[in-house]
Each structure stands twice: as structure tokens, then as C-alpha cells.
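Here is my note on the model, arranged as numbered points so that each can be checked against the structure in turn. I begin with one of the sheets and go on to the helices, the domains and a few backbone details.

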Amino acid sequence: MREPVGMGVVGAGAIGIRAAMMHLSQPDVQDRVRLAAVCDPVPGRAEAAALKYGVGAFYETYEELLDDPAVIAVTLCSPIGLHYEQGMMAVDAGKHVHFNKTMTTTVGEADRLIARAAEVGVHLVASPGMMLHPYNQRIRKAILEGTLGRLVWAAAGVAIKDYHLEEEFRTGEDVLTNVDPSWYFRKPGGGPQYDVTVYALHNLTGILGPARRVTALSGLVLPEREFRGRTIACDMDDSTLILVDFGESFFGFVYGTVAGRVNQGFLPNVYGTQASLIGTRIGDRDLKLLDDHQPHVVGEHTTMAESHVFEDLMQLVDWIREGKPSIASAEHARHVIDIIEAGYRAAETGQTQDLRTTFEPLSMEDL
Ligand SMILES: NC(=O)c1ccc[n+]([C@@H]2O[C@H](COP(=O)([O-])OP(=O)(O)OC[C@H]3O[C@@H](n4cnc5c(N)ncnc54)[C@H](O)[C@@H]3O)[C@@H](O)[C@H]2O)c1
């Protein structure tokens, strides 16, 4: 396909605007991708976003967006709990799909999506494509070369408390800036595991390869949140600590909670018998270089927020136009979902859970 890919943006909330519409309306990508349509059920929101970012069409329903022949691919910028159903609908309509994290909430859903996309012949790209970061590829190479010695244990995870209550799209008065974040604290897609630990797990498993089994404890620390003078009743766990077994007595500690942290950002610490990886550093050597970016993050995009989502979107665009599959794969996302889902199951049952999925990590030849 030589003409630009028509992208349909599903949801005009924080990421629909800050990632999809702000990046894909930049002049430098118009030869490859166009903002074909946007939909959002909140009256007037899709229209306001379309006018502001020059999107071709706007709808209040997802069905209308899928019926639009200008839409070749969709980016799901809706709450996580809707991704499976919306992903299946897009695949059935013959559209390629970019999933903002997390792709689905269960492995069963991920299995069905992957199988159906293969039947229909459409591509799935799942954020976050952490292994597209050059520093992560260097880290994996160094570990495969044995720089850390025998791997002993790793720690990865994130604490997030009020971030989604305070984003710039939540606190204003108009339809583009009063977006309700309640779903971040509610079942089925809420909680820090699906929201942020997913980044740490893509890093951890992308760097180290797939895991074998998990055990966990999980609970709710803050049953209520305040948003714009009203109370959100939270029913999703907000503090989960997982132990991950990678095999050969190499273990990981992975957390998603509301306070405290033992590592930097979304980056893991990995401890070996010869050396340790702390963030992007092994000893004195920093594997993150100055101006280190993923392949499409150039020019203006380097200074804009959510450039990692833009990168994942462009991975799908390249795949559609050039037949080049992405390493931000649905199979990797499914394995991360397996760890999260099995963690909740382990916490509920008190039993260690075997993981039932795997994925192909980057090989030495890829690096
Ligand atoms: N906010 C962030 O920092 C961030 C960063 C990266 C990725 N993400 C991911 O992006 C996705 C969206 O998160 P967000 O923070 O933008 O959420 P948000 O709550 O700000 O926006 C979601 C939007 O989806 C709309 N929506 C609700 N039901 C819909 C439906 N049936 N069809 C279409 N639209 C619907 C809502 O009206 C809202 O405008 C999630 O998967 C999230 O994990 C968020």
C-alpha cells in the first residue's frame, strides 16, 4: 500500500489527544498516515477534537467509525476494559489494530484476538513497544553476552497514586479537558498492574525473555479517591506484589502499587554474579546514549509527550505499508497479560500459577 494509512482514533481522552492526534497531525508523517476519523461517546468531544487536530471525520459511535471506508486501521485510546471487544470488532471489520496498553485483561481474550486477526489477515501492534528503545536492545545484548554473569534476581515495578486525577485533560471546563478517569480505579481494566506495571513487565521480559510461573499478594490500599469534588468508589486492587520464576533459580520481584519504589522509572534492576544492571547502567557504563530514540522518534516528536505511543503507531503504519512486522507484538503483550492475570489468580488462591504463554524474545542476530 503506497498511499497514507487512514487512522481511526477510538476515544478522544488523554492519550487520544496527547499521543494519536498531536503526533499524527504533524506535517512530517502525512506521507505515511492520515487522521481519518475519531469517535467518542461523550457528546461533542469527537467533534471538538476533529476540529482542533484536523481529523477527517467524527462520530459518537464506534460502529460508525468502523463503517467509514477511509479508516484502514484503528488506535484504541479507550479504557482498557473495552479493548478486547473493540479489538475484535475492528478485526471483524477488516481493520488493523494498535492497542494502547494493556491489550486485553485476560490471556483467553488475547488468544482469541490473535487467532481471529490471523484468520482475517490484519495486523496487531500492542503498546508498550519497550524493546524498540535502543538502550533496551543494548542491555539485552550485554546480558546475552554474559556481562552480568549468572543471573540471580531482578526487581521491576511502578508506584502511581494521583497522576490520572491530575492530567491536563482532567481538570479543565470544556469537553476536551474534563475527561473522567474513574475507570483507572475500577474493574475490569483499572489498577496499577494494567496501567503502569505493564511497562515494567515489557522491559523485564523483553530484556530477559519469557517467564515460567508466578506467585503474588494483592490488595486495595485506597478504596476511595476524590475527583473534582466527588468520590470515586474504587473496586480494583491498587497494590500487588508478584514473584516471577524465570527458571534455573533466577527470580524476579515485580510490583504495582501506590507508594514507594526500588528501581528507576519503568526500568528493571537485574543482579548477577558478576555485575548488576541498575536502570540503564552496568557499572560505569550507561547503555542509554545521548539522543537515544526509537526509529520514528525524530524531529518534533523527540520533544513531544507520549513519543513511545507514536512509535508504536508508526510500527503499525510501516507494517501495513511495507509488510514489516513489529517487535511490539501481540504475543509479547499476551505473555505480560499472562503474568498479570496469573498474579491476581495466585493472590486469590494462595497457589503458585504456571504461565501458559510464551513469546520469541530478540535474538543475538536481531541485536
Ligand atoms: N493517560 C496516560 O498517561 C496514558 C499513557 C499511555 C497509554 N494510555 C492508555 O490509553 C488508553 C486511554 O487512556 P486515557 O488516559 O486516554 O483515558 P481517558 O479516560 O483519558 O480517555 C478515554 C476516552 O475514551 C472514551 N470512551 C469511553 N468509552 C468509549 C467507547 N465505547 N468508544 C470510544 N471511546 C470511548 C471516553 O469518553 C474518553 O474520552 C488506555 O489504554 C491507557 O492505558 C494512557
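1. In this predicted model, one open sheet is built from 9 strands, which follow the order E16-E15-E14-E13-E7-E12-E11-E8-E17 with mixed pairing. The edges are taken by strand E16 (285-286) and strand E17 (353-354), and because each has a single partner strand, one side of each is left without a neighbour in the sheet.

2. Within this sheet, strand E14 (residues 276-278) and strand E15 (residues 281-282) are paired in the antiparallel sense, with 2 bridges between them. A reader who wishes to check the register can look at Leu277, whose bridge partner in E15 is Ile282.

3. Which strands does H10 touch where it packs on the sheet? The helix is in contact with strand E8 (213-219), strand E11 (239-245) and E17, and the direction of H10 makes about 65° with that of E8.

4. H10 also has a helical partner, since the axes of helix H5 (residues 107-120) and helix H10 (residues 330-349) come within 9 Å and cross at roughly 165°. Angles over 145 degrees count as roughly antiparallel, and H5 and H10 are therefore roughly antiparallel to each other. The crossing in which H5 passes H10 is left-handed. On the H5 side the contact is made by Val107, Ala110, Asp111 and Ile114, while H10 contributes Ala330, Glu331, Arg334, Ile337, Asp338 and Glu341. By residue class, this contact of H5 with H10 divides into 5 nonpolar and 5 charged residues, with no polar ones.

5. As for the overall division of the chain, domain 1 comprises 5-129 + 298-322 and domain 2 comprises 133-292 + 329-366. The centres of the two domains, taken over C-alpha atoms, are separated by 23 Å, and 33 residues of domain 1 are in contact with 28 residues of domain 2.

6. A further open sheet has 6 strands in the order E3-E2-E1-E4-E5-E6, and its pairing is parallel. Strand E3 (58-59) and strand E6 (124-126) stand at the edges of this sheet, each with a single partner strand, so one side of each lacks a neighbour there. Strand E1 (residues 5-10) and strand E2 (residues 33-39) are joined in the parallel sense over 6 bridges, and Gly8 stands opposite Ala37 in E2. Helix H1 (residues 14-24) lies across E1, E2 and strand E4 (73-76), running at about 145° to E2.

7. H5 should be considered together with helix H4 (residues 83-92) as well, for the axes of H4 and H5 come within 9 Å and cross at roughly 10°. These two helices are therefore roughly parallel to each other. Tyr84, Gly87, Met88, Val91 and Asp92 in H4 meet Glu109, Arg112, Leu113, Arg116, Ala117 and Val120 in H5. The residues of this contact of H4 with H5 divide into 6 nonpolar, 1 polar and 4 charged.

8. How do helix H6 (residues 134-144) and helix H8 (residues 192-208) cross, and within what distance do their axes come? The axes come within 8 Å and cross at roughly 40°, and H6 and H8 are therefore oblique to each other. H6 passes H8 in a right-handed crossing. In the contact, Asn136, Ile139, Arg140 and Ile143 of H6 meet Asn203, Gly206, Ile207 and Leu208 of H8, and these residues divide into 4 nonpolar, 3 polar and 1 charged.

9. Some backbone details in the loops deserve a look when the model is inspected. A cis peptide bond joins Ser127 and Pro128, with omega at about 0°, and Pro128 is found in the loop between E6 and H6. The peptide bond from Lys187 to Pro188 is also cis, with omega near 5°, and Pro188 belongs to the loop between helix H7 (163-166) and H8. Finally, Glu248, a residue other than glycine, has a positive phi near 55°, and Glu248 is found in the loop between E11 and strand E12 (251-257).

Key. Residues are numbered from 1 along each chain as its sequence is written. This is a predicted model: local features need pLDDT of at least 70, side-chain atom pairs count only at pLDDT 80 or more; totals for chains, interfaces and linings use all residues. Side-chain values use heavy atoms; hydrogens and water are left out. Axes are lines fitted to C-alpha atoms, for helices over the stretch in contact, and angles run from 0 to 180 degrees between N-to-C directions. Helices (H or I, at least four residues) and strands (E, at least two) are DSSP runs, numbered from the N terminus. Angles under 35 degrees count as roughly parallel, over 145 as roughly antiparallel, 65 to 115 as roughly perpendicular and the rest as oblique. A crossing is left-handed if the near helix is turned anticlockwise from the far one by less than a right angle, and right-handed if clockwise. Contact means heavy atoms within 4.5 Å. Ala, Val, Leu, Ile, Met, Phe, Trp, Tyr, Cys and Pro count as nonpolar, Asp, Glu, Lys and Arg as charged, and the others, Gly among them, as polar. Two strands pair if DSSP finds at least two bridges between them. Domain bounds come from an automatic or database domain assignment.
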